[in-house]
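Me: I would like to work through this structure by question and answer. Please reason briefly before giving each result.

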Amino acid sequence: MKNQWAKKILAFTLSAVLMLTALTACSGQTPENSPSSEDQQGNQNTSQNNAPKETITLNFWHHYSAQSPENETLTKVLIPKFEQENPGYKINATSYEWAKLHDKILVSANANTLPDVARLDIAWVPEFQKLNILVPLDKEMSDFSPYSSSLLANAMSTAEIGGNYYALALNTNTKILFYNKAALEQAGVSIPKTMDEFAAAAKKLSGKNSNGQQVWGCTEPALAGWNVLPYIWSMGGEITNNDYTKASGYLNGEKTVKAVQMLADLYKNKALIGFNSGDIPMTDGFGTGRYAMLLEGPWKIAELKGAYPDFSYGTADVPAGEGGSHSVLGGEDIGMFSSANKEGAWKFMKFMTSEFAQEEMAKCGLIPVNKEALESATVKDASYAPFLDAIKTAKARPPVAKWTEIDNQLTTAMTSIIKEGADAQKTLDQLASQVDELLK
Amino acid sequence: MHMKKIRAAKLWIYLVLSLCGLISVLPMIYMISTSLKPNGALYEYPPHFFPNKNNLTIENYIYIFQQQKFYLNFINSLVVSLATIALAAVISTALAFCIARFRFPGRKMLFGLVIATMIIPGTALIVPQFELASFLHVTNKLWGLIPFYVAWVIPFSTFMIKGFIENIPRDFDEAVYIDGGNVFTVFRSIAVPLSGPAIASVSIFNFLTAWEEYPWALTVINDNVKRTLPIAISGFFGEHQFTQWGYVFAMSVASLIPVLIIFICFQKYFVRGLQTGGIKG
Amino acid sequence: MEAKSFKNRLQIFLLLLPGIFMFAVFTIYPIGKLLFMSFFQSGYGVSLKDAFAGFQNYKMVLSDQTFRVSFDNTLLYTLVTVPAQMAIGLLVAVLINELPCFQVGFRVIYYLPVITSWVIVSLVFKYIFNTEGMLNYFLSQVIHVTGGNIAWLDSRWGGLTVAMILGTWKGVGWNMVVFLAALQNVPKALYESAAIDGCGPVHKFFYITLPSIKSTTLFALVMLTIGGFNVFTSIKMITDGKPMHQTETVLTWMYYKAFNEGQFGYAAALSFIVAVVLVFLAVLQFKAMKNRDEGE
């Protein structure tokens, strides 16, 4: 009995070891084998059309979410097309969640495992530039100027630091107001045009529904700059001076405090929620009628269509306050890292910003920056037309290298004011002096 | 009378165990039932523990099984876990055997090291280990996982197997030596076979460790196709706070099945391997 | 013994080699590197050079409010979950051990949470304890214990409670198996003679069972204490430290500092402090184990 068992164990261990050796052999061979086999192909190609000798794999990191139509377009339309047009190049695309992509890039910079190309939130570009990991395109690419002029100048400005360009603009976006049509009608609330109306509407839309469940007037999924800045700016507040060198007097200014106070007041009155870990996620809460209003970007249209196809909602500008109606400018750039295969990376970057790629992505709700793509019928008829107007008045988050750090501290301060009921003026005074340090 | 009392007591035991057992499996059942609901029904009111008849769907599973990535992630997890248990079994049995049977210089130190490294949580070493992985160029490779997992599980495995080997009578060894055997022969014909139950139970622990490991794989692996299951599952938490719980749970159920099979097959050796007093009785 | 011949010595060395190699490269070197890093100010990026920082990192860790919060959280988690899992696990093991049949069935049921990965069970718990989740519905609408929905995940204590319930729930099975193994080693004769003396089941448990499984209890205690300090995935998945880093544990905070903020020096110092605390705790427990063993 015991012996039999022993044999079994031995056999199991042995087979596992064998399997392992087999694996070692496999994984050891793949990288050596595959290039050489493709090498031969490459050689044939060389004789025909001067393509590079070996297949070069370009690693591309992005945060198109894994189950999104954008990712579908990227992997099924754009990459095959690029590989077909540029024989000898293979794109290895990897998707990350937004915040994870940022961290992964930082970690990989430390480990020297950066990809060739990445899709970067415009707010990250200064930070990565400061780490010296982004390639200054205008210095290293001879055809940079003629090419970049095909992209919108104000979008390109997000990639400009100290007179050099470290990325190409890829797409822009901003947030506008989404509202639940039925809920507004039922409550007899008209679409809020001003921040005062918005706050009043949010309170009026809150309460219990027919099931006895709590309903909230508005929602924010987090309390970071991306979330609170539209309220602050629209109500006339600022977070830094125009040169981004000082926060005191701005971040703790009267109007900023008032805007944050408004959000805290809404939370206290059970009219605002969504940033707590246990809350209903935004899309689900909106689609099931638990959240009546929210500020969101163009991707929400496709998401709602997929998850809640029968739900009826409307969109409007961010409500205006003393400062006007200012949404927050979002968007992505595409950049290459210093360790990249520059020739290939540049080809891919130009491809991703080309009219074709931009029009394809426009079909999934990404607003193009390519001038020709912007003129196309797809874009003109797209459901995101209201966003195009909002972009004109949207403001950018401070393009400073320490933005991520500032944003973290901002989030903590906002949470303590809005959620924990801390004194807004005092907390923001303290935050402003911390941010002053970071801006130095 | 007495028999009746005993029977009543047994009934109570069954009752208590069943109740506690229910709590133990309830979350699992809820996970399975949620994976059978359409994504849109997850915030329905009133919530249903079991899906309605007209709500019952396998669309989440269809989606998961249509994803080529799922199979790759699955295979990655399997490869990493099997490689980890195989390597760990061989290395720790050898270590345990030497420490239990021979006096060699540094023996005490080595065993002290085994104990000491058992104490330091693997995650605490994640920063220097990450530097090491980048130095060895094994980041973003399955090879970046296996040796680290092996190193994490060796101390516990060695500790357990050593306890078991110490209980094997030395007479067995002596008999082999008298027959002209050497250290290798004793290792092969006595230590490995007789500590089988310990190796098996330790291997189940190790399999679980590697199968479910999250922080290290999250840090080291980049490519979608190289991710292991836990990373793939957590990857469903996409952008814009939009979570498709149905997919998450369908994938979770699918990833649970192999572990369940392994455990049910091996569970009878499981308790035996932990009885370090095995042979002496 | 035979082992003294050159051939056998060589063979012993060869058997030890892979293990020593793995230790040296993947454990000892990282520990050394960790200590080294904790004295340097290292940050992200190619442009930033590491600079010697002395005890600066340690000072920063020890004066950091969030580190204290995370340390307290970890300690609380350990102090609650370790005894809870051990007590429930032991109870279940004793009861299962009494059963003439269905032992295996119960074993599988109780072991199910152990073999399910942390990522999965954390997600399930997050889903159940969601403010709009099943548990709140059950509590307020079905059995009417609570007036409204409890925001379990939104506060420090709520989030920790969920993590601790999860930790206990998941750990019971492991304890059950370990104790079951120990219980089956307790000589049956002891119980029989106690029965003759007319001892009741409670008496038997305290005077026979508990003393007989002392070393297993201590073993479980050490392992679980280490496990308690190792809590990471559940917190990361359920609250991710929110709100305002109030639910961080030492390792999630270390991870955040290292991989979100790039403060590797700080993270290294923090890890080292945790390691020292754990070694200290474990030495205490091992000492206790040894003393008791000798006492027997």
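Me: Leaving aside its neighbours within four places in sequence, with which residues is B:Ser77 in contact?
Reply: The model is a predicted one. B:Ser77 lies in helix H3 (residues 68-101) of chain B. Once neighbours within four places in sequence are set aside, the contacts of B:Ser77 are with B:Trp211, B:Thr228 and B:Leu229.

Me: Is B:Ser77 buried or exposed?
Reply: A residue counts as buried if 20 or more other C-beta atoms lie within 10 Å of its own. B:Ser77 has 27 other C-beta atoms within 10 Å, and therefore B:Ser77 is buried.

Me: What radius of gyration does chain B have, set against a compact globule of 281 residues?
Reply: Chain B has 12 helices and 0 strands. Along the principal axes, its C-alpha atoms fill a box of roughly 75 × 75 × 30 Å. For a compact globule of 281 residues the radius of gyration would be near 19 Å, whereas that of chain B is 24 Å.

Me: What percentage of the contacts in chain B with a separation of 6 or more is between residues 24 or more positions apart?
Reply: Of the 281 residues in chain B, 53% are buried. Among contacts in chain B with a separation of 6 or more, the share from residues 24 or more positions apart is 77%.

Me: Which element gives the largest share of the side of chain C that touches chain B?
Reply: The contact involves 71 residues from chain B and 74 residues from chain C. The largest share of the chain C side is 18 residues, and these come from helix H1 (residues 6-37) of chain C.

Definitions and conventions
Residues numbered from 1 in each chain as written. Chains lettered and ligands numbered in written order. Predicted model: local features only at pLDDT ≥ 70, side-chain atom pairs only at ≥ 80, totals over all residues. Contact = placed C-beta atoms within 7 Å. Helix = DSSP H or I, 4+ residues; strand = E, 2+ residues; numbered from the N terminus. Buried ≥ 20, exposed ≤ 12 C-beta atoms within 10 Å, placed from the backbone. Rg over C-alpha atoms; globule rule 2.2 N^0.38 Å.
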